[in-house]
Amino acid sequence: MTNQQQLKDDIVALASSTSRGFSASRKDRDEAKNIINQLSKLSPTEEPAAAYYSTSSDAQAVSEDVVPSLAGKWTLIYTDAPDITSLDAPLSIQKLGRIGQECNPPLIKNVIEWKRPTWASALPFSGDEESRILQKVVTEGSSTPTDNPTVDLKLVGLEISGSNGSTEETNSGLMKLLNGPAAFFEQNPINLQGPLKGPFGKFDILYLDDEMRITKT
């Protein structure tokens, strides 16, 4: 096993033992930073932000055969970002599910999956265990060879959709509502996008290969 693969295995194990970093101690976070620092020096991708080069000439200068690519669907396995770790509150009205990103240049969608909380299982109109609400903050990413490996973000909009998990079909708006919020948003998805785009920060790509991506915001 290479040192690179061992480091990747180490960060995956740490992510699993700390519930994606939500229960990480200071020692755990220091260990994660140490692993990430070592991995960043071993990244096999010279231009990890190439998928988001903002001009066609820059994009064409990068071979289409260049892999890995930032484009694709990514699932978060570890974070120390307070705005994410604060989402898993014990008494939240929703239970936190999958967190990830959908990268389809020029768009980057930050995805949060919400489930029915365990404490609400006995409540009527709360949906079932398979109910899901998907919240997607839609941004537009851009970079240049000079800025690489940094991707700048602009806020584009918000998407909310649902998946009820039930095979029963209901035509009544009231029944959709009574089946829980996931059923309601499944039938009435929200897609908010306006003509204006506001700054939404940026991130640096510290490591990128075919199966793992590490970023710093």
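Two strands count as paired if DSSP finds at least two bridges between them. The structure treated here is a predicted model.

**Exercise 1.** Determine which strands pair with S2, and which residues stand opposite Gly100 in them.

*Solution.*
Step 1. Strand S1 (residues 72-75) is joined to S2 by four bridges, and the two run antiparallel. The threshold of at least two bridges is met.
Step 2. Between S2 and strand S3 (residues 107-115) there are eight bridges, again in antiparallel orientation. A hairpin of two residues connects S2 to S3.
Step 3. Gly100 in S2 faces Thr75, and its bridge partner in S3 is Val111.
Step 4. As for solvent exposure, seven of the ten residues of S2 (residues 95-104) are buried.

**Exercise 2.** Establish which parts of the chain the salt bridge between Asp209 and Lys8 ties together, and whether the two residues are buried or exposed.

*Solution.*
Step 1. The N to O distance is 2.7 Å, which satisfies the cut-off of within 4 Å.
Step 2. Asp209 belongs to the loop between strand S6 (190-208) and strand S7 (213-216), and Lys8 to helix H1 (residues 3-17), so the contact ties together parts 201 residues apart in sequence.
Step 3. Buried means under 20% relative accessible area. Asp209, at 7%, is therefore buried, and so is Lys8, at 6%.

**Exercise 3.** Locate the salt bridge between Lys197 and Glu140 and classify the exposure of both residues.

*Solution.*
Step 1. The closest N and O atoms of Lys197 and Glu140 are 2.9 Å apart.
Step 2. Lys197 lies in strand S6 and Glu140 in strand S4, so parts 57 residues apart in sequence are tied together.
Step 3. Lys197 is partly exposed at 45%, and Glu140 is partly exposed at 24%.

Terms used. Residues are numbered from 1 along each chain as its sequence is written. This is a predicted model: local features need pLDDT of at least 70, side-chain atom pairs count only at pLDDT 80 or more; totals for chains, interfaces and linings use all residues. Side-chain values use heavy atoms; hydrogens and water are left out. Buried means under 20% relative accessible area, exposed over 50%, partly exposed in between (1.4 Å probe, protein chains only). A salt bridge is a side-chain nitrogen of Lys or Arg within 4 Å of a carboxyl oxygen of Asp or Glu.
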